[in-house]
Amino acid sequence: MRKAPIIREKQVTQWPEYDQLEDGLANYWYPAMRGRKLRGKVPMQILGESVLFVRDGGEVFALADRCLHRGTPMRFARRDFPGTLSCIYHGWCYDLKTGNLVAALTDGPDCPMVGKVSIKTYPVEERFGLIWIYMGEGTPPLLEEDVPEEFLDPRIVLCIRISEQDGNWRFAVENHFDDAHAQYLHRFSLYATFSRVPAYKRGSRVVRDGKWLEREQDSLHFAADYPGLGRWPKLRFWQKSYGIKVRVRMPGIGMVARKAHTAFKFHVPVNTDRFLFVQVITRQATGVRAWLFRLEYWLIHRWLYHVLFNNDDVLMTKYSHSGPENLFGPDISVTGWRKMCIEEVRTGQVAAE
Amino acid sequence: MRKAPIIREKQVTQWPEYDQLEDGLANYWYPAMRGRKLRGKVPMQILGESVLFVRDGGEVFALADRCLHRGTPMRFARRDFPGTLSCIYHGWCYDLKTGNLVAALTDGPDCPMVGKVSIKTYPVEERFGLIWIYMGEGTPPLLEEDVPEEFLDPRIVLCIRISEQDGNWRFAVENHFDDAHAQYLHRFSLYATFSRVPAYKRGSRVVRDGKWLEREQDSLHFAADYPGLGRWPKLRFWQKSYGIKVRVRMPGIGMVARKAHTAFKFHVPVNTDRFLFVQVITRQATGVRAWLFRLEYWLIHRWLYHVLFNNDDVLMTKYSHSGPENLFGPDISVTGWRKMCIEEVRTGQVAAE
Amino acid sequence: MRKAPIIREKQVTQWPEYDQLEDGLANYWYPAMRGRKLRGKVPMQILGESVLFVRDGGEVFALADRCLHRGTPMRFARRDFPGTLSCIYHGWCYDLKTGNLVAALTDGPDCPMVGKVSIKTYPVEERFGLIWIYMGEGTPPLLEEDVPEEFLDPRIVLCIRISEQDGNWRFAVENHFDDAHAQYLHRFSLYATFSRVPAYKRGSRVVRDGKWLEREQDSLHFAADYPGLGRWPKLRFWQKSYGIKVRVRMPGIGMVARKAHTAFKFHVPVNTDRFLFVQVITRQATGVRAWLFRLEYWLIHRWLYHVLFNNDDVLMTKYSHSGPENLFGPDISVTGWRKMCIEEVRTGQVAAE
């Protein structure tokens, strides 16, 4: 029998100011891909724009994936001279750094268009094994402004998984910081087999710590008698409660600090309905201990956490949020993020200063 | 060589009042699936709505497939307590019978939302081996009002095929009651090999019999000389004329009574462009004769009638009815159905009385 | 890593009068398929209309692919009488030549619709191994008016490839006549291995020759020093410059005359975003030399020219032309074609005269 497919409607909240940010926040640095994945040219869509990443002579560049002449995708371009790219259609040749048209090969050495037009280029940086792009207005801020400070520690080991997911970026961020979903959705994850997950909390609140917003509570409760229903949940003797610290910051970076490692999640808007999910698990380690951590990542965290555990989140991000919402107590974590997002979003003016 | 695909436009008639009913008639009982297909949860789309059918403790329930909290599909829900369903995202737990929120597990036993909100539920009944749903306004009528009375005979044997088809439901009903198509389209069916199909009829009319509209005529004509063309069709000595009785009733139930068995067809709108085609062949029989009839169904009627013969209709329902129509003589059967549909459609007021 | 798909937007120029012709030019003859491909019925979409080509008794006909009665596609029709086609749904029987309804078989020999309605038919001709259709207004011009006069030579041999391609027809025509793309895009084609392709030209212009527009120039330049970049391109000793003559005429027929053969290209609009690409390579030859030319075609030109070489053009036609354009010197060939197209397009009035 044919099951009905899930009908997805436009994802909205009841916060119009927040919904206006659905296309993504332009004036921030975002990670786009692992550095080692960029050989030659890689076209991507970020914040709704078609961007072509190029590695030339070891350096990384990013430019609009559309030639100024006839709109031909620059992903088809050829490299005739170092530091340039020539559109495949008629040989319009651009400088990768400035975007300036430096020749139109099929119009000879004295083509009058040369020096008059420039293709759009984007500031990029290659750091921490990732390629970062700034697609906003004006002069970009320092990359360090938009990267968790833990990344700056030279002893940090980063284990990365990047995937493209359905759903609007802001619901992926909400899902990360959402308090209650961890207590129900993730309770059934293989990754939580040995964790005693609270049933509910009391005195939940969000507090500010530097650029981060953090969840706190007065008490955790692991089981209760629900009127008319009975006791929930069943407690297992092999499960133990682990303290974790969950945070979020602009432009939608999530953080989960555990004793053994800290996880970061970047949500990079591809367009209104898709996002790049950049997951990073980190730990301070050097030498053999760094390699052991990498081994542990590939044996355990990669599959149980970066794939299975987060796939539950991905399903919620994709299929929830159609139709009206009814927020309740634990949603102060969600509304805390929404408020920060509306109030602190970096505007073009600030970025240009 | 690539053949051009058929271009499907919006299916319309020249009867605006009739076209307004394209989304389906809400205030009726419809068969949704075979009872034995429902184990656990089955999501369906009916009359444009996403409905989740649930079997819990032997009983059947139907509710909206979207949690009130964040719009998460309830098809992902878990069963923590008998007679309830808990949304997978945050454990909002609904009573299956009333739809009332009986707990929000992740907000503890004293969650203030409890008792304040209710998910939409639909009246359902499991009868005649089928699960029936009422998606209309107010108190539903008795199921018996919307079921052919033949179904109520305890000796009746029902052989069922359910498929989902393209095309608007009202053209599937028209096709059923349409007089002339049986004389041309179905003439070439394997199922009609031994039937002498009339070329044309004279004195065609539709008459009323209780809830049913029935086709009648003064005379059948099996061949004729067509001016400028020649004699049509060729008569085969092995073919014999069989009398059949063709009927239609609200909300689009078809009936074809033959000597050996009676066929019923339900056309359940999935959305504007799809319908659930519930075909039932029936006969009064008990004991061994009932099993022989089932055997005959699986050996003959299943494939020749429910699949092959009706696939021709399905093709017409899907691909015809784009662009203007030019109705002619035999189409009084079609217009008869259209008039009944417009005049007798059960409104919310009547259903609620 | 998932590469971003190319985002295709509506293809436009900065010439509004030219963009109005995007749906195609109606009042011309177009080749639709090879004659030998038409056995029975072949449905096609041309100029946005659904057309059914029919071969009956050796003759070729074309009619609308939609019955007047209920809009059923005529591609499902049956042939009950010579020179007619009967719609599969209710046996409405049309004369293939006139389109007149000559019988509605299921309404008997005296059906009052007969003689009152006619399905749309189109003038067709089978010539030069191709089936041609005129979908415009009024009496069609002579087919010879819309066919290159080379086709009329009885000694001509035609080698044909027909494919359906993405992109608007007018950009395919532009691409054909475009001067500069041959000097860059095609430079890298296998078919150009032994050709010394110019880097740029001087004194480029378009001149008129009868119905044709032709590209001319004062001088060809094979390499140059580009300021700040260096010398381009590398010259290969095994390459030789071959003179070719490139032309275009209404309604978008391209011609490339080489010493050994002449290529023609017809661009038949399927709809706004697709076109039928009819490529013909011709040569005057008879007897054994004609067969040797056909052999050469299948061994060389078919794959290197009609498939590989032109696939580069097809890619440009499909993916360029989104967003604003910046025309430059060599684009006088493109603007020459645009002007001819706007000024000389055959209107309904002229066609009907």
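Start with Gly254(A): it stands opposite Lys265(A), which sits in strand 19 of chain A. This is a predicted model; local features need pLDDT of at least 70, side-chain atom pairs count only at pLDDT 80 or more, and totals for chains, interfaces and linings use all residues. On labels, residues are numbered from 1 along each chain as its sequence is written, and chains are lettered from A and ligands numbered from 1 in the order in which they are written.

Back to that pair of strands. Strand 18 (residues 253–257) and strand 19 (residues 262–271) of chain A pair in the antiparallel sense, over five bridges. Pairing here requires that DSSP finds at least two bridges between two strands. The elements are DSSP runs, numbered from the N terminus: helices are H or I with at least four residues, strands are E with at least two. As a reminder, strands of a sheet pair through backbone hydrogen bonds, either parallel or antiparallel.

Now the whole sheet. Seven strands of chain A form an open sheet, in the order 10-20-19-18-17-13-12, and the pairing is antiparallel. Which strands are at the edge? Strand 10 (156–166) and strand 12 (205–209) of chain A, each pairing on one side only. Neighbouring strands of this sheet are turned by 25° against each other on average, direction ignored. For angles, axes are lines fitted to C-alpha atoms, for helices over the stretch in contact, and values run from 0 to 180 degrees between N-to-C directions.

A helix covers part of this. Helix 2 (residues 169–177) of chain A lies across strand 17 (245–249), strand 18, strand 19 and strand 20 (274–284) of chain A. Against strand 19 of chain A, helix 2 runs at about 160°. Contact means that the C-beta atoms of two residues, placed from the backbone, lie within 7 Å.

Next, the interfaces. Between chain A and chain B, the contact takes 33 residues from A and 32 residues from B. On the chain A side, the elements giving two or more residues are helix 3 (180–184), strand 15 (224–226), strand 16 (230–232) and helix 4 (287–319). Helix 3 of chain A gives the most, with four residues. By class, that side of chain A has 18 nonpolar, 11 polar and four charged residues. The classes: Ala, Val, Leu, Ile, Met, Phe, Trp, Tyr, Cys and Pro are nonpolar; Asp, Glu, Lys and Arg are charged; the others, Gly among them, are polar.

Chain B also touches chain C. That contact takes 33 residues from chain B and 32 residues from chain C. Which element of chain B gives the largest share of the side that touches chain C? Helix 3 of chain B, with four residues.

Last, the backbone. Most residues other than glycine have a negative phi, and most peptide bonds are trans. Here are four exceptions to look at.

- Trp232(B) to Pro233(B) is a cis peptide bond, omega near -10°. Pro233(B) lies in the loop between strand 16 and strand 17 (245–249) of chain B.
- Met250(B) to Pro251(B) is cis, omega near -5°. Pro251(B) is in the loop between strand 17 and strand 18 (253–257) of chain B.
- His321(B) is not a glycine, yet its phi is positive, near 75°. His321(B) lies in the loop between helix 4 and helix 5 (332–344) of chain B.
- Phe128(C), also not a glycine, has a positive phi of about 60°. Phe128(C) is in the loop between strand 8 (124–127) and strand 9 (130–134) of chain C.

Are His321(B) and Phe128(C) buried or exposed? His321(B) counts as buried because it has 23 C-beta neighbours inside 10 Å. Phe128(C) counts as buried with 20. The cut-offs: buried is 20 or more other C-beta atoms within 10 Å of the residue's own, exposed is 12 or fewer, partly exposed is in between, with C-beta atoms placed from the backbone.
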